[in-house]
Amino acid sequence: MALICGIDEAGRGCVAGSLFLAGVILDECYFHAFMQLGIKDSKKLTYTQRVRIAATIQDFLSQHNGIAKIVNFQAQTIDNKGLSQCMRTGLNTLLAYAATHQCATIIFDGNTNFGIHGIQTLIKGDNKHPLIAAASILAKSSKDSEMLALHETYPQYNFKKNMGYLTKAHIACIAQYGYTAVHRKSYHIKALETRLF
């Protein structure tokens with residue numbers, strides 16, 4: 001029995017909404033069956049596919065003694081602490097959680113572990129490792145849900161389409177209406193600096 005934890009994030013490059021980090025823990029003996037769920041990098045799935053597969057992942061984990069944990073940092077926290085510090089805090093939280101379950105290996109998508117000892121990295125891990133791919137789906141699904149809810153509060157920003165990312169249309173909305181409480185104001189947007197700062 002060897003428990004593995006795969007970690008990925010969503011929302012790191014957004015200018016609105018939260019940063020989400022997800023960790024998925026599962027015994028490697030179940031990997032083959034797990035991969036049959038259609039798990040792949042969340043960016044290669046549609047919104048509808050992510051919602052369906054995210055639910056399937058949770059069901060599979062509950063049936064095979066697996067666990068998923070999601071942590072998030074809101075825009076104000078990112079502005080106050082900085083994105084890198086939020087990433088480190090999130091990774092430390094997931095590391096501690098995985099340690100309580102005696103995980104043999106903890107793997108994070110990307111090329112840096114932000115100085116966190118005990119976390120391995122895997123470049124393009126969401127394409128290479130089933131647990132990182134699953135974590136990417138759960139993190140992105142959480143981000144999507146948040147932005148759809150925020151769209152109801154701030155419909156003029158069209159969050160349901162841009163999902164918090166800095167599109168040209170999103171820049172135009174900020175220029176017209178200003179920042180909301182859910183925008184990361186520390187992310188200075190050069191196209192707007194002459195109008196907003």
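**Group meeting: a pocket, a helix, two loops and some cysteines**

Hi everyone, let's begin with the pocket: the largest one holds about 210 Å³ of space. Before I go on, please keep in mind that this is a predicted model.

So, what lines that pocket? There are 14 lining residues, and those nearest the centre are Asp 8, Glu 9, Ala 10, Lys 43 and Tyr 165. If you colour by secondary structure, you'll see that strand S1, residues 3-10, strand S4 and helix H6 each give two or more residues to the lining. S1 provides the largest share, with three residues. For those of you thinking about chemistry, the lining of this pocket breaks down into seven charged, four polar and three nonpolar residues.

Let's stay with H6 for a moment. This helix runs over residues 130-153, which makes 24 residues. From first C-alpha to last it reaches 35 Å, close to the 34 Å expected at 1.5 Å a residue. Is H6 enclosed or open to the outside? Of its 24 residues, 19 are buried, so the helix is largely enclosed by the rest of the structure.

Follow the chain on from H6 and you come to the loop that leads to helix H7, residues 159-162, and in that loop sits Asn 158. Its backbone may catch your eye: phi of Asn 158 is near 55°, a positive value in a residue that isn't glycine. Asn 158 is partly exposed, at 29% relative accessible area.

Phe 114 is another non-glycine residue with a positive phi, near 55°. Where do we find Phe 114? Look in the loop between strand S4, residues 105-109, and strand S5, residues 120-122. Phe 114 has a relative accessibility of 14% and counts as buried, because the cut-off for buried is under 20%.

Last topic: the cysteines. How many disulfides does a search of the whole structure find? Zero. Take Cys 5, where the nearest cysteine sulfur belongs to Cys 103 and is 5.2 Å away. A disulfide needs the two sulfurs within 2.5 Å, and Cys 5 is in none. Cys 5 is also buried, with a relative accessible area of 2%. Then there's Cys 86, also in no disulfide, whose nearest cysteine sulfur, on Cys 14, is 14 Å away. Cys 86 counts as buried too, at 1% relative accessibility.

That's my tour, thanks for listening!

How values were computed
Residues are numbered from 1 along each chain as its sequence is written. This is a predicted model: local features need pLDDT of at least 70, side-chain atom pairs count only at pLDDT 80 or more; totals for chains, interfaces and linings use all residues. Side-chain values use heavy atoms; hydrogens and water are left out. Buried means under 20% relative accessible area, exposed over 50%, partly exposed in between (1.4 Å probe, protein chains only). Helices (H or I, at least four residues) and strands (E, at least two) are DSSP runs, numbered from the N terminus. The expected span of a helix is 1.5 Å times one less than its number of residues. On a 1 Å grid over the protein atoms alone, a cavity is a set of points where a 1.4 Å probe fits but cannot get out, and a pocket is an open set with protein on both sides within 12 Å along at least five of seven lines; lining residues have an atom within 4 Å of a point. Grid points are joined across faces, edges and corners, and a volume is the space filled by probe spheres set on the points. Ala, Val, Leu, Ile, Met, Phe, Trp, Tyr, Cys and Pro count as nonpolar, Asp, Glu, Lys and Arg as charged, and the others, Gly among them, as polar.
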